[in-house]
Amino acid sequence: MKLFQNKNRPIIAHRGANQIAPENTLAAFELAYQMGAEWVECDVVLTQDEIPVILHDRNLLRTTGRKANIDGLQFEDLKHYDAGFQFYPNYQGTNIPTLKALLDLALKQGKGINLEIKPAKREYAERTAEIVRQMLRVYEKKIPLLISSFEFKAVKWYAHYASELPLGFLMSRWDPLWEIKISEFKVFSIHCNEKILNEKRVQALKLKSQYVLAYTVNDLERAKELQSFGVDGFFSDNPHLYQEKPS
Ligand code: G3P
Ligand code: MG
């Protein structure tokens, strides 16, 4: 799979266009696609009754203003939570979307999704991976998909049971064992916190992976510096990052 068709705009919209619409909502994803992003990144978690939904934090307080853990709620309960809370009064009443709704949107738009599997608890990693995979089956030949997770058990689950799906290895802190870890499976891409990257590290990563991506980059100067090291693309809160005029 070729990650970016337009290599002049190597952007994956982080949680959608989350600066102008509530993060991880259909509105934010739709805007990101409209703004030209070929990919959106989303965080996928299960409700208590195992419905995959798009949400970053285990607790809903920050994004909805109401305290509750997602793994303690039934899907039906989510209608009482307003994902538009941070953009009040605009986007008031916005739903926490299901993964299925995002897949349908990407299918309609002909665009890609990076699904970051974010189990509510470490012990749910494999179950979350499995349930999400079941949902992906009818979409995976129709839209570009890229799987990643901070939970190594979820990554390994995909490597073992769904090796046909492109897989990204995530690193928030530099892991001296990264090379040993990824030697266990075929990685499509390595996704790193931009703060841990320098030229030497990027070069080392590039020897092992077709694509090296950095998150979260909202500064064009920094994006260009990382590109000069060999970074291929960026998770950004701003889908228009590459349309900004250099200062
Ligand atoms: O997947 C890249 C990035 O989203 C990882 O960090 O915390 O924003 O999910 P986070
Ligand atoms: Mg994420």
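In this predicted model, helix H8 spans residues 220-229, and its buried residues are Leu220, Arg222, Ala223, Leu226 and Phe229. An α-helix has 3.6 residues a turn, so residues three or four places apart point the same way. The elements that cover the buried residues of H8 include helix H7 (199-206), strand S8 (211-215) and strand S9 (233-236). After H8 comes Gly230, with a positive phi near 120°.

Ser228 also belongs to helix H8, but this residue counts as exposed because its relative accessibility is 54% and the cut-off for exposure is over 50%. A polar atom of the Ser228 side chain lies 2.5 Å from the backbone oxygen of Glu225. Between Ser228 and Trp174 the separation is 54 residues in sequence and 20 Å in space, taken from C-alpha to C-alpha.

A second topic is the packing of helices H3 and H4. Two packed helices are described by the angle between their axes and the distance between the axes. For helix H3 (residues 99-109) and helix H4 (residues 125-136), the axes come within 11 Å and cross at roughly 35°. The crossing of H3 with H4 is right-handed. On the H3 side, the contact is made by Leu99, Lys100 and Leu103, which meet Val132, Met135 and Leu136 of H4. By residue class, this contact of H3 with H4 comprises five nonpolar residues, one charged residue and no polar residue.

Beyond H4, the loop that leads to strand S5 (145-149) contains Glu140. Is Glu140 buried or exposed? Glu140 counts as buried, because its relative accessibility is 17% and the cut-off for burial is under 20%. The side chain of Glu140 forms a polar contact of 2.7 Å with the side chain of Arg133. When neighbours within four places in sequence are set aside, the contacts of Glu140 are Arg133, Leu145, Glu164 and Leu165.

Ligand 1 is surrounded by His14, Arg15, Glu41, Asp43, His56, Glu116, Lys118, Phe150, Leu170 and Tyr215. The table lists distances from an oxygen atom of ligand 1 to a side-chain N or O atom.

| Residue | Partner | Distance |
|---|---|---|
| Glu41 | oxygen atom of ligand 1 | 2.6 Å |
| Asp43 | oxygen atom of ligand 1 | 3.2 Å |
| Glu116 | oxygen atom of ligand 1 | 2.8 Å |

Arg15, one of the residues around ligand 1, has a positive phi of about 55° although it is not a glycine. Arg15 is located in the loop between strand S1 (11-14) and helix H1 (26-34), and Arg15 is buried, with a relative accessible area of 14%. The loop between S1 and H1 also holds Asn24. Asn24, likewise not a glycine, has a positive phi of about 55°. The relative accessible area of Asn24 is 3%, so Asn24 is buried.

Tyr215, which is also among the residues around ligand 1, is joined to Thr216 by a cis peptide bond with omega of about -20°. Thr216 is situated in the loop between S8 and H8. Another cis peptide bond runs from Tyr88 to Pro89, with omega near 0°. Pro89 is part of the loop between helix H2 (61-64) and H3.

Technical notes:
Residues are numbered from 1 along each chain as its sequence is written. Chains are lettered from A and ligands numbered from 1 in the order in which they are written. This is a predicted model: local features need pLDDT of at least 70, side-chain atom pairs count only at pLDDT 80 or more; totals for chains, interfaces and linings use all residues. Side-chain values use heavy atoms; hydrogens and water are left out. Buried means under 20% relative accessible area, exposed over 50%, partly exposed in between (1.4 Å probe, protein chains only). Helices (H or I, at least four residues) and strands (E, at least two) are DSSP runs, numbered from the N terminus. Contact means heavy atoms within 4.5 Å. Axes are lines fitted to C-alpha atoms, for helices over the stretch in contact, and angles run from 0 to 180 degrees between N-to-C directions. A crossing is left-handed if the near helix is turned anticlockwise from the far one by less than a right angle, and right-handed if clockwise. Ala, Val, Leu, Ile, Met, Phe, Trp, Tyr, Cys and Pro count as nonpolar, Asp, Glu, Lys and Arg as charged, and the others, Gly among them, as polar. A residue is near a molecule or strand if one of its heavy atoms lies within 4 Å of it. A polar contact is a pair of N or O atoms within 3.5 Å; within protein, one must be able to donate a hydrogen and the other to accept it, and residues adjacent in sequence count only if both atoms are side-chain atoms.
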